[in-house]
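Trainee: I am new to this structure and would rather study one part of it with care than glance over everything. Could you take me slowly through a single chain, and then through whatever lies on the other side of its contact?

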Amino acid sequence: MKFQGFRGGVHPPQAKSTMECATVRMGIPEKVVIPMQQHIGAPCQATVKKGDTVKVGQVIGNSDAYVSVPIHSSVSGTVTDVSERIISGSKPVVCIEIKPDGLQEVSEDIKPPVVDSKESFIKAIRDSGLTGLGGAGFPTHVKLNPPKDAKIDTLIINGAECEPYITSDYRECMENTENIIEGIKHVLKWTGIPKAMIGIEDNKPEAIKRLKSAVKNISNISVHGLRTMYPQGAEKMLIKTLTGREVPPGKLPSDVGCLVMNVASVAFVCEYLKTGMPLIKKRVTVDGSSVKTPMNVEVLIGTPVGEVFSFSGGFKSEPSKIIMGGPMMGISLYSDEIPVMKYTNALLALNEKDGKIPEENVCIRCGRCVSVCPMNLLPFDIDRLVKANQYDDLDKYNVMDCIECGCCAYACPAKRMLTQSIRLGKDVLRRKAKK
Amino acid sequence: MENMLYVSSSPHIRSEVTTQRLMLDVIIALIPSAFAGIYFFGLRAALLIAVTVISSVGFEYLIRKALKRNNTIGDLSAVVTGLILALNLPPALPFWMAIVGSFFAIVIVKQLFGGLGYNFVNPALAARAFLIVSYGARMTSWTPPLTVANDVDALSYATPLGALKQGGQLPKLFDMFIGNIGGSLGETSALALIIGGIYLLARGVISWHIPVIYIGTVGLLAWIMGPDGIFTGNPLFHVLAGGLMLGAIFMATDYTTSPMTKKGTVIYAIGCGVLTILFRLYTNMPEGVSYAILLMNVSVPIIDRCTKPVRFGGEAHV
């Protein structure tokens, strides 16, 4: 049999201690802070103002742009502030702060959408506020509506969950199996894609078993155990493993006939079509060396991460680093006031030993970064050029191909911040292209 | 939050492997060979090792200080260089010559080119080549192992490859395997070197490509290019003789001076093997491992340029 998989990759410690932790629902927080940009694309404009009362599921932010999704209130209560704040990165985002009244009154607008065509399906998905729940946050309705000339033959459902610690997708597979399958059926039906493949890393045999038995009598949905190897869940790697196709540089999955959705996203599609309740909550894995009781929590979007940690039982040691997402690709937060967002799938608090940034040493040219890079780049060379400000030569190194999986920096014995250098290089090239 | 939080670019976890740990592993892997050297050549060998290691670390410390750079002796790379240099020297070499070797390796080859990661040839090998040019007679005067009768003239004992070139008595293959022959301090015992090599493989410090392909190429070519026509050579003799094991396992695998890609390392290892056998069979020198590796070291930039990996989903690299 031909080797099916991708080249490179690393084996970070899995640390999936929360696999058997059934999801616990967290109550209404003291306040919610809802940023107007929780997706890739145009930010939303706030449609409420200070002093307004809002209800659960009510639209509080929207945009006319195509690549954008509306944002809904996750609580009922009073808007106490609408102002720009820094969430992550350095760009301020308009955030709506709401003081919940504790009643969780549901908006009158909430009713199951009427779907009778591809157009109405895609409109419903946009209205639901759904963005890719795997972590990247790309608006789902855009994905579901690829260019006319793209011929999609495979819907790929991503349940790989290759990042250490995170088990929220695993819990989705275990607790929400039927919704995943129903959601896939809806997507297949309305987009006309003939078949779906579900990919799950083989370190989750229970999830594979459960989904396999759920699709036993469905001929066009198949479940595949994948080699446990980070970054198996990266879109391009997953497509390569399941179909043998390589997405060409600068192209999209639709260019090789694939559409990739996360397990939690398809399960949400099913729930939304049933209830009409937009995306206002998220399953989040809470873990890390500072966390007293690691667990999976269902959190209302907008809940400050500090409140989520408190709900889980607080810290056993002072955290030195808080990460939203996994340890390989997640974003480190500067404050525990940052809210849970649509794409948040994990919250990690690391102690001083784990959170400390290691000292960078000189490159010894060991070649580890080259051998682990799934995109076949030369991270050490890019790092050298970026550090020396030799941006003119960067074009030759396919810097823009980098998926920022972090394998290079993970594997580097000199602890060089290779991924950071490449990000910097990308930024320089993007700005150069704009000129 | 009472404390400030660290904020950095992902990834937020790093593998256990560090430069220092890699160097320590190389040192551990060289211990069997060092002990074999001491066993076969006596206390003098132990002193020679001590002299090169201490002088290498000393020079590393002093030159970094003189160049106003940070102190790097903690990365243990100077210990590795000193140790490998000792294993490449005749056991009876005067200590001061060994110290000159350490100076050349650390100061000239390594630090003046920028330090760890920037040297374009293997420092220990370059130092050995420098010493051969400077003190040719002493660098090719071999002492017999202690286990051989004492009546042999102490400084005119021949190595197996020397004996081959001059038509002398060839040692038994078993003696060559365990190291009971003349030669450089740490090159004679194939057994001890292989044990070290297996340790490095098991620890993931090196991959099998360079040692196996290098040694395999030498064996194959030795067999083909035999003294009595093709396919009459003795591959095992050439594999066990001289510095091949030491070179293939510990020196050709040096990260800084070997290619970055798997494809590159294959080309590099074959090149080392071809050059070694050409030097051994068709030049005046009995041994060719050092020069073969040094020549391939300087070819690495070209090899790297020609073996750039093909980008994911795309055509060949520029």
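Mentor: Two residues are in contact here if their C-beta atoms, placed from the backbone, lie within 7 Å. What you see is a predicted model, in which local features need pLDDT of at least 70 and side-chain atom pairs count only at pLDDT 80 or more, while totals for chains, interfaces and linings use all residues. Residues are numbered from 1 along each chain as its sequence is written, and chains are lettered from A, with ligands numbered from 1, in the order in which they are written.

Let us take chain B. Among its contacts between residues at least 6 apart in sequence, 70% join residues at least 24 apart. Chain B contains 14 helices and zero strands (DSSP runs numbered from the N terminus, H or I of at least four residues for helices and E of at least two for strands). Read from the N terminus on, then, every step in its order of elements, α-α-α-α-α-α-α-α-α-α-α-α-α-α, is a helix.

As for its extent, the C-alpha trace of chain B spans about 80 × 45 × 30 Å along its principal axes. Its radius of gyration, taken over C-alpha atoms, is 21 Å, which agrees with the value near 20 Å for a compact globule of 318 residues (the rule being 2.2 Å times the number of residues to the power 0.38). Of those 318 residues, 52% count as buried, with 20 or more other C-beta atoms within 10 Å of their own, all placed from the backbone.

Now follow chain B to its partner. Their contact takes 34 residues from chain B and 52 residues from chain A. On the side of chain A that touches chain B, the elements giving two or more residues are two strands, strand 15 (321-324) and strand 16 (331-333), together with three helices, helix 10 (368-372), helix 12 (407-411) and helix 13 (418-434).

It helps to see how that partner is divided. An automatic or database domain assignment splits chain A into domain 1 (118-275) and domain 2 (368-434). The C-alpha centres of domain 1 and domain 2 of chain A lie 29 Å apart, and the contact between these domains takes six residues from domain 1 of chain A and six residues from domain 2 of chain A.

Note on methods: Buried ≥ 20, exposed ≤ 12 C-beta atoms within 10 Å, placed from the backbone.
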